[in-house]
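Visitor: Could you walk me through this structure, starting with the words I will need?

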Amino acid sequence: MFVLHALGQCLIRTAITTITPRADMCFALASFLTRERGNRVPRRKLERLFWPSMRAADASHSLSELIRKLRRKGIHIQRDEAACIWLPRDAVSIDIEALGTEPPTSIAVRDLSVLPGYEPRASDAFNDW
């Protein structure tokens with residue numbers, strides 16, 4: 001399991017490492033799959049989202065490389081024969097989702113800015129997402 005820390009900070013902690021926005025494409029894909037966790041996402045959709053101007057074969061290769069990097073970093077991306085990838089719902093948590101369980105006094109003193117300072121450079125399509 002890994003955690004996306006989005007409140008007051010901008011990082012992903014896995015059992016192996018910490019991924020920051022400096023690892024631009026890794027952070028972007030991990031964030032996207034975290035948001036979509038539990039849903040199968042077609043590889044073609046991701047290829048168009050992250051590499052819209054690249055040839056399909058090159059975009060497919062880039063996505064495969066990125067998935068391998070994330071797996072080495074402790075993010076266990078699933079795949080199926082229908083060319084979809086996903087994160088199981090229980091493979092990741094987001095700190096924002098725990099806000100409902102915190103007492104109001106604790107929330108009052110927290111920095112509630114979401115992904116502060118994150119300026120994705122993946123693609124215009126990703127920025128629009």
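Guide: On a 1 Å grid over the protein atoms alone, a pocket is an open set of points with protein on both sides within 12 Å along at least five of seven lines, where a 1.4 Å probe fits, and its lining residues have an atom within 4 Å of a point. Grid points are joined across faces, edges and corners, and a volume is the space filled by probe spheres set on the points. This is a predicted model, in which local features need pLDDT of at least 70 and side-chain atom pairs count only at pLDDT 80 or more, while totals for chains, interfaces and linings use all residues. Residues are numbered from 1 along each chain as its sequence is written, and side-chain values use heavy atoms, with hydrogens and water left out.

Visitor: Which helix gives the most to the lining of the second largest pocket?

Guide: The second largest pocket holds about 150 Å³ of space, and its lining includes Ser64, Ile67, Arg68 and Arg71. Helices (H or I, at least four residues) and strands (E, at least two) are DSSP runs numbered from the N terminus. Both E6 and one helix supply at least two lining residues, but the largest share, four residues, comes from H3.

Visitor: How far apart are the end C-alpha atoms of helix H3?

Guide: H3 covers residues 56-72, which makes 17 residues. The expected span is 1.5 Å times one less than the number of residues, so H3 should span 24 Å, and the separation of its end C-alpha atoms agrees with this, at 24 Å.

Visitor: Is alanine 56 buried, partly exposed or exposed?

Guide: Alanine 56 lies in helix H3, where Ala59 and Leu63 are among the buried residues. Buried means under 20% relative accessible area and exposed over 50%, with partly exposed in between (1.4 Å probe, protein chains only). Because alanine 56 has 43% relative accessibility, it counts as partly exposed.

Visitor: Which residues does alanine 56 contact, leaving aside its neighbours within four places in sequence?

Guide: Contact means heavy atoms within 4.5 Å. Alanine 56 and arginine 44 are twelve residues apart in sequence, with their C-alpha atoms 8.4 Å apart in space. With the sequence neighbours set aside, the contacts of alanine 56 are Arg44 and Glu47.

Visitor: Which strands stand at the edges of the open sheet?

Guide: Two strands pair if DSSP finds at least two bridges between them. The open sheet has four strands in the order E3-E2-E1-E7, with mixed pairing. Each edge strand has a single partner, so one of its sides is left without a neighbour in the sheet, and these edge strands are E3 and E7.
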